[in-house]
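Trainee: Could you take me through this fold, beginning with its sheet and ending with its core?

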Amino acid sequence: VQMLLPLFFPVACALVTCWDMLVAKLSTVGLVPTKMLLPLGWKPVTDFSFDGLGNRFIPAGLFFFNLYYYMGLSTALLMIDCGEKADGSGDYYVKQYPELVCYEGEHNGYAALAWIGLFVYAIGVPVWYMWVFFKHIPAVGYDDIRVVQRYGFLYRRFEKRFLYWELIEMLRKFLFVAVRLLDRDPITQSF
């Protein structure tokens, strides 16, 4: 479940948008709770265009994927990290859960979710970042207000010539997870 938390983000965005549309509609008819909130500075969401929703949810989505990158990637890899049983039977088990036989029964569902999570974290997120850094930002402009609002938290802390550095950080996280899982000897991991 941990590796799939960010995949629930679109569902949360859809629910929040539906709620906002309902509240915006109710505020136009003068529903009492919305009337009380207006003098306090609350303003209903009025821009439900694709661009407006993008401005609202893309930064949060990227932040969410960035925050859960390490956990999602490591959890996905743990669920498909299999080892051969010592009894010589030729069976494989999940190293993290020795009672779970690899790619049989219950593990098939877990493995399918793990492969989806692995694809999202190991390929999807880096490709999305590459598109942002190497295609979108150069095309629209480093200082464009929409780019800064959506993606600024990813690159504004770096100089323009090091715009891509967040990808280096992501590679570092990926390698950290790979070393942790592929070689479980603590002495070797320290190098």
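Mentor: This is a predicted model, in which local features need pLDDT of at least 70 and side-chain atom pairs count only at pLDDT 80 or more, while totals for chains, interfaces and linings use all residues. Residues are numbered from 1 along each chain as its sequence is written, and side-chain values use heavy atoms, with hydrogens and water left out.

Trainee: In what order do the 3 strands of the open sheet lie?

Mentor: Strands are DSSP runs of E with at least two residues, helices runs of H or I with at least four, each numbered from the N terminus, and two strands pair if DSSP finds at least two bridges between them. The edge strands, each pairing on one side only, are β1 (82-84) and β3 (97-101). With antiparallel pairing, the order is β1-β2-β3.

Trainee: Which residue in β2 stands opposite Gly83?

Mentor: β1 and β2 (residues 92-94) run antiparallel and are joined by 3 bridges. Opposite Gly83, in β2, stands Tyr93.

Trainee: At about what angle does helix α4 run to β3?

Mentor: Axes are lines fitted to C-alpha atoms, for helices over the stretch in contact (heavy atoms within 4.5 Å), and angles run from 0 to 180 degrees between N-to-C directions. Helix α4 (residues 106-140) lies across β1, β2 and β3, and its angle to β3 is about 105°.

Trainee: Which helix supplies the largest share of the largest nonpolar core?

Mentor: Such a core is a set of buried (under 20% relative accessible area, 1.4 Å probe, protein chains only) Ala, Val, Leu, Ile, Met, Phe, Trp, Tyr and Cys residues joined through side-chain atoms within 4.5 Å. The largest one has 32 residues, with Phe133 among those with the most contacts inside it. The largest share, 10 residues, comes from α4.

Notes
Buried means under 20% relative accessible area, exposed over 50%, partly exposed in between (1.4 Å probe, protein chains only).
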